[in-house]
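Biologist: Could you take a close look at one part of this model for me, the protein surface beside the DNA strand? I would also like to see how that part connects to its surroundings.

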2 protein chains.
Amino acid sequence: MAANSKGNETAPDVSPSTVSAVDVVVAQLRSLIADEGLKVGDNLPTERELCVRFDASRNTVREAMRILKAYGMVEVRPKVGATITDNRMARAFELFSFNTMEVSRKSFADVQALRDLIEVRSADRIFEMMRGQDIDELRAINANLADIRDIQEASEVDYSFHRRLISILGNNAIMDVYSVMKPIILRIMQKGKTRRTFMTETYFEHEGVIDAMAARDRLAFEYRLRNHLMVGFKNFSEEMEEKA
Amino acid sequence: MAANSKGNETAPDVSPSTVSAVDVVVAQLRSLIADEGLKVGDNLPTERELCVRFDASRNTVREAMRILKAYGMVEVRPKVGATITDNRMARAFELFSFNTMEVSRKSFADVQALRDLIEVRSADRIFEMMRGQDIDELRAINANLADIRDIQEASEVDYSFHRRLISILGNNAIMDVYSVMKPIILRIMQKGKTRRTFMTETYFEHEGVIDAMAARDRLAFEYRLRNHLMVGFKNFSEEMEEKA
DNA sequence: TACCAATCTTGGTCCAACAAATGGATCGAC
DNA sequence: GTCGATCCATTTGTTGGACCAAGATTGGTA
């Protein structure tokens with residue numbers, strides 16, 4: 001058993017002020033997983049065993065475990081222990097499920113600017129890559145806006161439309177970025193809108209974008225798409241104003 | 001199947017993880033933030049005050065705080081306390097980055113395309129936002145290429161240059177994306193280059209970009225920067241060919 | 001063999017204490 | 001009076017220990 005410890009092993013180096021014991025344990029746990037070649041489904045040692053192995057108190061180990069749990073890397077069950085999982089994606093979405101805490105205004109603005117970059121400024125490449133099937137599917141997706149039952153569903157359709165649009169680029173990195181931003185994008189879409197707004201304005205704006213694509217009119221595409229994005233952000237800003 | 005056990009009737013079903021005390025505190029913290037209308041920058045009560053307010057032990061409060069910290073919702077400093085932040089997007093991207101360890105050739109191409117989008121296609125905004133200090137700092141960073149000792153160090157400087165460049169946009173989402181892509185970007189930069197290449201070609205290409213900024217010549221900026229990115233990727237592609 | 005109870009294990013929670021860091025107050029010098 | 005150094009109190013960081021509840025294990029019994 002680790003006696004008094006406290007002094008810890010002989011490793012005074014590094015800047016100790018910025019590195020907390022919990023962070024060290026987190027790093028050690030990562031190393032442990034990597035070194036042991038642990039895969040999803042395997043179990044970590046018990047908390048008490050980790051204490052002696054890392055020479056840390058149980059509370060410290062538990063706080064480190066909380067971090068891994070929050071990251072969706074492990075799943076802890078009483079009596080069973082910590083099982084390695086890979087729910088990081090789901091966690092990423094949960095980050096924004098805290099509807100109690102509003103996503104900051106700047107976050108919205110930044111995301112919207114990035115969307116403009118991705119969707120509008122790559123218009124040339126979209127036009128270069130797009131096929132007839134892309135346009136057909138976009139129309140099919142947009143048609144779903146007629147049947148939406150609530151805002152939530154509408155924003156999902158809206159998101160699908162834009163996701164399908166950039167999928168034309170065939171760029172996985174961009175798709176990944178879009179996936180991560182999805183929770184925020186959904187919120188932007190929902191802000192200041194009603195079910196009716198989606199079924200009319202949003203629908204027609206999308207149609208306009210598709211029409212521009214079908215006509216291979218790049219300038220119209222850019223103009224309408226950018227305008228569409230701006231409208232969404234304007235709605236959002238107004239609602240923020242009212243709240244304040 | 002998992003032994004049902006738990007003869008208890010009418011279990012609240014959903015939320016299988018049983019409501020642990022930590023989860024309760026997390027929920028209470030969320031309510032607290034919402035009810036008090038706390039914004040980014042505000043401070044939460046001290047741990048001990050939260051203990052009495054939520055009737056929980058300090059360990060429980062701390063574990064709950066670890067979760068919020070891991071989610072990028074609060075930032076805790078000794079003596080200062082927990083300050084509300086909104087780094088959730090950065091966390092989301094971090095989580096996501098773990099999945100992209102498998103870097104295929106297409107991944108490189110996709111990342112490079114995204115870099116083109118971010119750096120070159122936002123030239124107008126860069127020119128709109130940039131100040132004299134930005135140019136000075138870019139020159140200072142690029143000057144470091146003269147002292148680099150190895151490829152690793154050189155690529156770090158190279159990355160810093162580009163990161164500083166896009167920081168002019170003042171867009172956190174874009175900065176987060178760039179941070180996530182850093183490992184891949186570094187590999188792209190290192191491919192097909194030598195220490196000498198960095199000290200000569202890369203250095204002068206960067207200087208050319210800075211000169212264009214100083215002269216407020218946007219077309220030259222776009223041309224040189226895009227060319228710079230293409231050169232880097234061309235080197236990379238050639239080395240990939242040889243290896244294959 | 002099948003079932004059931006006692007026991008062990010393990011995560012969940014709490015407590016008390018000390019260390020380290022830092023913001024703020026106090027006090028002194030110029 | 002202003003500035004700076006020093007001291008103090010507060011707060012987070014960490015530790016070790018304790019107990020509990022429930023699942024897992026074991027062993028006994030029918």
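Modeller: The residues of the surface near DNA strand C divide into eight nonpolar, eight polar and five charged. Please keep in mind that this is a predicted model. Among the 21 residues around the strand, the ones that come nearest are A:G81, B:S20, B:A21, B:S57 and B:T60. Both chains take part: chain A supplies at least two residues from each of α2 (47-54), α3 and β2 (81-84), while on chain B α1 (21-36) and α3 (58-70) each do likewise.

Let's follow α3 of chain A away from the DNA. Helix α1 (residues 21-35) of chain A packs against α3(A) at an angle of about 60°, and their axes are 8 Å apart. Angles from 65 to 115 degrees would count as roughly perpendicular and those under 35 as roughly parallel, so α1(A) and α3(A) are oblique to each other. The crossing of these two helices is right-handed. On the α1(A) side, the contact is made by A:A21, A:V22, A:V25, A:V26 and A:L29. Facing them from α3(A) are A:T60, A:V61, A:E63, A:A64, A:I67 and A:L68. Sorted by class, this helix pair brings together nine nonpolar residues, one polar and one charged.

Just before α3, in the loop that links α2 to α3 of chain A, you will find A:D55. This residue has a positive phi of about 55°, although it is not a glycine. A:D55 is partly exposed, with 18 other C-beta atoms within 10 Å; a buried residue would need 20 or more.

The other chain offers a companion case. B:R216 also has a positive phi of about 55° without being a glycine, and sits in the loop between α10 (195-214) and α11 (218-243) of chain B. Here the count is 10 other C-beta atoms within 10 Å, and 12 or fewer count as exposed, so B:R216 is exposed.

Finally, the two chains meet each other as well, in a contact that takes 35 residues from chain A and 38 residues from chain B. On chain A, α3 (58-70) turns up again here: along with α4 (88-94), α5 (105-120) and α9 (172-190), this helix supplies at least two residues of the side that touches chain B. The largest share of that side, eight residues, comes from α5(A). By class, the side of chain A that touches chain B has 18 nonpolar, eight polar and nine charged residues.

Conventions
Residues are numbered from 1 along each chain as its sequence is written. Chains are lettered from A and ligands numbered from 1 in the order in which they are written. This is a predicted model: local features need pLDDT of at least 70, side-chain atom pairs count only at pLDDT 80 or more; totals for chains, interfaces and linings use all residues. Two residues are in contact if their C-beta atoms, placed from the backbone, lie within 7 Å. Helices (H or I, at least four residues) and strands (E, at least two) are DSSP runs, numbered from the N terminus. Ala, Val, Leu, Ile, Met, Phe, Trp, Tyr, Cys and Pro count as nonpolar, Asp, Glu, Lys and Arg as charged, and the others, Gly among them, as polar. Axes are lines fitted to C-alpha atoms, for helices over the stretch in contact, and angles run from 0 to 180 degrees between N-to-C directions. Angles under 35 degrees count as roughly parallel, over 145 as roughly antiparallel, 65 to 115 as roughly perpendicular and the rest as oblique. A crossing is left-handed if the near helix is turned anticlockwise from the far one by less than a right angle, and right-handed if clockwise. A residue is near a molecule or strand if its C-beta atom, placed from the backbone, lies within 6 Å of it.
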